[in-house]
Amino acid sequence: MTAASAAQRQHLVGAVLVTLGMAAAVGGALGFEHIGGYIPCALCLLQRNPYYYGIPLGILAVVSSALKLPAWITRTLLLLVGILMLVGVGMGIYHSGVEWHFWEGPSTCATAAQGISSDVGDLLGDLDAKHAPSCTDAALRVLGLSFAGWNVIASLILAAIALRAAAKA
């Protein structure tokens, strides 16, 4: 196997891994929202943006590598994905700091209320049962980390995969 084909294979593997990882991360967030009933706050929604922009770039990197386009195209796409995931790390750290009250969060954290009934009879019950999300209070902690904290870890891992694959000559 030549050095060029080995690098192409590493680009392809890296692109596939990072794209599947981004899809799994944002899919998990959407699952917690739509299946688990966790209404995301404004910062939670913002943290999804690097994934929403990164997934199409990751798909393009997979296609670029699979079609054996010039390696600089795949490397550039992977570099962009890595940068987006580093932005996600920063956003997650900011949100985690807000949740731990290390610093002030945004002045408003309003999002559209989802799941409230349009039936007037059920409306009062919904108002009692549903609570608006808060950027300062974690909706759930798993092993001591909130969704924002887990996003930091996921984004760091995905950034490392993308940047390492991009660095392969």
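**Close-up 1. Asn 151 and the residues it touches in this predicted model.** Leave out the neighbours within four places in sequence, and Asn 151 is in contact with Gln 47, Tyr 51, Gly 88 and Gly 92. One of these partners, Tyr 51, also shares a polar contact with Asn 151: their side chains meet at 2.7 Å. To find Asn 151 along the chain, look in helix H6, which covers residues 147–167. Is Asn 151 buried or exposed? Its relative accessibility is 10%, and buried means under 20%, so Asn 151 counts as buried.

**Close-up 2. Thr 19 in helix H1.** Helix H1 takes in residues 3–34, and Thr 19 is found there. Which residues does Thr 19 touch, once its neighbours within four places in sequence are set aside? They are Ile 55, Gly 58, Ile 59 and Val 62. Thr 19 has a relative accessible area of 10%, so with the buried cut-off at under 20% this residue is buried too.

**Close-up 3. A nonpolar patch on the surface.** Now for the outside: Ile 93, Tyr 94, Trp 100, Phe 102 and Trp 103 make a nonpolar surface patch of about 550 Å². Let's pick out one member, Tyr 94, which sits in helix H4 (residues 71–99). How does Tyr 94 count, given a relative accessible area of 32%? Buried stops at under 20% and exposed starts at over 50%, so Tyr 94, at 32%, is partly exposed.

Notes: Residues numbered from 1 in each chain as written. Predicted model: local features only at pLDDT ≥ 70, side-chain atom pairs only at ≥ 80, totals over all residues. Heavy atoms only, no water. Helix = DSSP H or I, 4+ residues; strand = E, 2+ residues; numbered from the N terminus. Buried < 20%, exposed > 50% of the residue type's maximum accessible area, 1.4 Å probe, protein only. Polar contact = N/O pair within 3.5 Å; in protein donor to acceptor, adjacent residues only side chain to side chain. Contact = heavy atoms within 4.5 Å. Patch = residues over 30% accessible without salt bridge, like charges linked within 9 Å, V, L, I, M, F, W, Y side chains within 5 Å. Areas by Shrake-Rupley, 256 points an atom, 1.4 Å probe, with all protein chains shown as cover. Salt bridge = Lys/Arg side-chain N within 4 Å of Asp/Glu carboxyl O.
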